[in-house]
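This report describes how one protein chain is packed, working from its nonpolar cores to individual strands and helices. The sequence and structure are shown first.

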Amino acid sequence: MDWSPTIDAADGPVYEGIVEALDRDIASGRLRRGQRLPTHRALARTLGVDLTTVTRAYNEARRRGLTDARVGQGTFVAESRSRPVRATAGIAIDLSMNLPPQPIEADLEGRISRGLATLQRDHGLSEFLNYQYAGGSDADRSTAAQWLRRRVRTSEADRLLVAPGTQTTLTALLLATTSPGDVVLVDRLTYPGFKTAAAALGVRLVGVEADGEGMIPEALAEAAQRHRAKAVYLIPTMHNPTMLTIGTKRREDLAATIRRCDLLLFEDDAYGCLDPKAQPIAVLIPERSYLAVSLSKCITPGLRVSFLLTPDRAAAAALANAIRTVAQMPVPLMVALVVRWLIDGSADAIVSAITAEAAARQRLAAKALSGYNYHAHPKGLHVWLALPPAWTRAEFAAHIQRQGLAVVTSDSFSVDDHPEHAIRIALGAARSRSDLVVALDLLTTALRSPTYASRIV
């Protein structure tokens with residue numbers, strides 16, 4: 001409440017000076033996430049300006065995502081610098097998209113601005129505005145391989161590609177290694193983007209049984225033989241959507257089965273950076289593994305930069321050609337920015353801030369969902385919640401949507417006609433922790449009202 005901005009009136013209108021001072025003090029740590037700011041009148045008195053100037057400044061700060069206004073409580077430093085994305089009409093809080101939260105500590109906008117300015121100063125932006133090699137330059141791949149080697153000991157630059165996002169990578173991977181009619185084995189619930197890519201290329205996905213530890217190796221071997229499968233697609237860490245992280249012993253057993261059945265492994269490491277102690281299965285069988293490492297879930301999806309570790313140089317060359325066919329190349333300017341972050345430690349700082357925020361949101365979810373049947377990970381971005389039998393999935397999703405809340409039902413992830421009776425709740429998609437608390441309250445209110453379902457016509 002005792003914050004007083006330092007303003008240089010010569011730089012422009014006073015209200016803009018207030019906003020810029022607010023931005024600087026948040027970046028420097030002088031103002032903390034969730035800290036209450038002076039009232040409009042109090043700040044106007046302190047600065048000796050009229051009330052409308054402060055009101056205009058606070059409105060502009062809120063528009064930029066610097067502050068949150070809470071009815072009856074006042075104005076607070078925002079918990080996140082992210083701004084709400086354009087949502088479906090009638091949706092106030094959209095928890096359907098699995099996004100990383102953007103806490104102020106990550107300083108993503110500031111790092112982007114400073115990083116681009118540094119690139120322009122050191123190189124000039126024109127260097128990054130031309131066509132480049134589809135899999136990234138030698139220097140870019142070397143930096144990425146070194147960064148990955150801390151948790152993927154088999155990472156080598158000549159087997160690694162810099163790719164334009166994991167969705168493009170998975171599509172290119174199927175294009176390069178499979179033919180229409182080939183079978184790829186997957187969990188019975190799996191990432192919808194992989195389902196879409198497989199359908200577009202005529203690849204058939206077959207679900208394999210799992211237990212509480214993940215895909216069952218014996219079931220994998222039986223399915224591989226019965227369907228003459230080409231590959232298996234797995235998300236071993238913070239599985240989307242079930243949130244399961246496969247343990248070390250099961251990973252070893254799966255690796256042995258994949259090798260024995262002569263399968264290729266497509267490993268989706270979308271969430272691995274949030275749990276770096278979880279060793280990818282690809283490390284155990286690098287000679288037959290394609291490991292897709294995404295930055296979308298641990299930094300931000302808008303950069304469209306990911307990494308793909310292939311079995312050997314020949315496989316890397318084939319995948320580079322496939323990436324060129326699908327998307328030409330990753331965006332050179334974004335790759336240059338990410339590579340700089342990998343070198344100067346910014347990437348690690350962002351991942352650390354997002355991981356801490358994800359953990360805080362998981363604690364909020366655990367408190368709200370206490371007593372319900374759900375699966376989560378302490379640092380995960382989503383929760384997998386079983387629905388009470390009184391609700392159908394469609395009815396529940398439609399009911400909470402009428403309350404302004406969107407989630408995803410298990411139908412979107414299913415590769416057969418028997419999905420679990422559950423929904424995925426993307427905790428990171430909420431703009432702030434306070435929004436998440438509101439969303440969870442709406443959700444649990446609906447869960448406590450199963451009799452409502454019987455009245456739906």
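A residue is called buried when its relative accessible area is under 20%, and exposed when that value is over 50%. The model discussed here is predicted.

**Strand 12 and its partners**

By that criterion, strand 12 is covered on both faces: Ser306 and Leu308 are buried on one side, and Phe307 and Leu309 are buried on the other. This arrangement can be set beside a general rule: in a regular strand, side chains alternate between the two faces of the sheet.

Strand 12 pairs antiparallel with strand 4 through four bridges, and strand 11 also pairs with strand 12 in the antiparallel sense, over four bridges. One bridge from each pairing is listed below.

| Strand pair | Sense | Bridges | Example of bridge partners |
|---|---|---|---|
| Strand 4 and strand 12 | antiparallel | four | Val162 and Phe307 |
| Strand 11 and strand 12 | antiparallel | four | Leu291 and Leu309 |

**The nonpolar cores**

The largest nonpolar core contains 44 residues, and Phe307 of strand 12 is among those with the most contacts inside it, together with Leu160, Leu295, Ile299, Leu303, Val305 and Trp341. Two or more residues of this core are given by each of helix 4 (108–122), helix 5 (138–148), strand 4 (160–163), strand 11 (289–294), strand 12 (306–309), helix 11 (332–344) and helix 12 (346–368). Helix 11 supplies the largest share, nine residues.

What surrounds Ile299? Neighbours within four places in sequence aside, Ile299 is in contact with Pro100, Gln102, Leu108, Trp341, Ala347, Ile350, Val351 and Ile354. Apart from this core lies another, of 28 residues, which includes Leu174, Val184, Tyr233 and Phe266.

**Helix 8**

Helix 8 (residues 217–227) has the buried residues Pro217, Ala219, Leu220, Ala221, Ala223 and Ala224. Their cover includes strand 5 (183–187), strand 6 (204–208), strand 8 (214–215), strand 9 (231–234) and helix 9 (248–260). Just after helix 8, Arg228 adopts a positive phi of about 50°.

**Tyr15**

Tyr15 belongs to helix 1 (residues 14–28). Is Tyr15 buried or exposed? Its relative accessibility is 14%, so Tyr15 counts as buried, the cut-off being under 20%. Beyond its neighbours within four places in sequence, Tyr15 is in contact with Thr53, Arg56, Ala57 and Glu60. Tyr15 and Val203 are 188 residues apart in sequence, and their C-alpha atoms are 58 Å apart in space.

Terms used
Residues numbered from 1 in each chain as written. Predicted model: local features only at pLDDT ≥ 70, side-chain atom pairs only at ≥ 80, totals over all residues. Heavy atoms only, no water. Buried < 20%, exposed > 50% of the residue type's maximum accessible area, 1.4 Å probe, protein only. Contact = heavy atoms within 4.5 Å. Core = buried A, V, L, I, M, F, W, Y, C linked by side-chain atoms within 4.5 Å. Pairing = 2+ DSSP bridges.
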